[in-house]
Amino acid sequence: MIVRAIWSLVYIMSLKDLTDLIQSGAIIASIVEILALFYQAPDIINSIRSSFGYEGEGKTRKPGPNESPKDKDALDQAYVLIERYNRHVDLFSRLHALRYRFMAQFGPDTSTPFDNLNRAKRLLETVEIRCYATHSEPHNI
């Protein structure tokens, strides 16, 4: 009877160790995902900010009824930033969502890298809005 109790205890402890191992594996996978996204973010931001243009960029914007060809070209060019950002919005959204899990696991003071990236993202959004608004009438924004 005692042997059976000892084996049961060993079995239960091994399950706890296995659970801990699985949980630590999940934490490691989460950290690796976050790190990979952080490695991608500077490349994506640089591609959004790139002064090089590609054929067809900015052309998804619907022109206003009274736009001159000059205004259309300027607004299309300004819209390039918005198109580029929209192609990668999922990455920024995913990182923002993972921020809370990371803070829950490692403490609220670990949010600094997320905050810095969020500031850079907001700066991009501000530039997009200003650039577009500079060439647009209020009713076209």
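This briefing walks through the fold, the confidence and the aromatic contacts of the structure above. The model is predicted, with a mean pLDDT of 78 for the chain. The chain has four helices and zero strands, and its aromatic cluster brings together F38, F102, F106 and F114.

**Overall fold**

- Reading from the N terminus, you will meet the elements in the order α-α-α-α.
- The chain has 141 residues, and 28% of them are buried.
- Take the contacts between residues at least 6 apart in sequence: 70% of these join residues at least 24 apart.
- About 10,100 Å² of the chain is exposed, and 63% of that area comes from carbon and sulfur atoms.

**How confident the prediction is**

- A pLDDT of 70 or more is reached by 76% of the residues.
- Helix α3 (residues 89–106) has the highest confidence, with a mean of 89.
- At the other end is helix α1 (residues 2–49), where confidence is lowest, at a mean of 71.
- A friendly reminder for reading any such model: where pLDDT is low, the predicted coordinates should not be read in detail.

**The aromatic pair between helices**

- The structure holds four aromatic pairs.
- One of the aromatic pairs is F38 with F114, an edge-to-face arrangement with 5.1 Å from centre to centre and 70° between the planes.
- This pair links distant parts of the chain, since F38 sits in helix α1 and F114 in helix α4 (residues 112–134), 76 residues apart.
- F114 counts as buried because its relative accessibility is 7%, and the cut-off for buried is under 20%.

**The aromatic pair within helix α3**

- F102 and F106 also pair: their ring centres are 4.8 Å apart and their planes meet at 50°, so the pair is tilted.
- Tilted is the right word because 50° is neither under 30 degrees, as stacked rings would need, nor over 60, as edge-to-face rings would need.
- F102 and F106 are four residues apart in helix α3, so about one helical turn separates them.
- The two residues have their own burial classes: F102 is buried, with a relative accessible area of 17%, whereas F106 is partly exposed at 36% relative accessibility.

**Putting the rings together**

- F38, F102, F106 and F114 belong to one aromatic cluster.
- Within this cluster, you can follow the edge-to-face pair of F38 and F114 and the tilted pair of F102 and F106.

Key:
Residues numbered from 1 in each chain as written. Predicted model: local features only at pLDDT ≥ 70, side-chain atom pairs only at ≥ 80, totals over all residues. Heavy atoms only, no water. Helix = DSSP H or I, 4+ residues; strand = E, 2+ residues; numbered from the N terminus. Buried < 20%, exposed > 50% of the residue type's maximum accessible area, 1.4 Å probe, protein only. Contact = heavy atoms within 4.5 Å. Areas by Shrake-Rupley, 256 points an atom, 1.4 Å probe, with all protein chains shown as cover. pLDDT = per-residue confidence, 0-100. Phe/Tyr/Trp six-rings, centres within 6.5 Å; stacked < 30°, edge-to-face > 60°.
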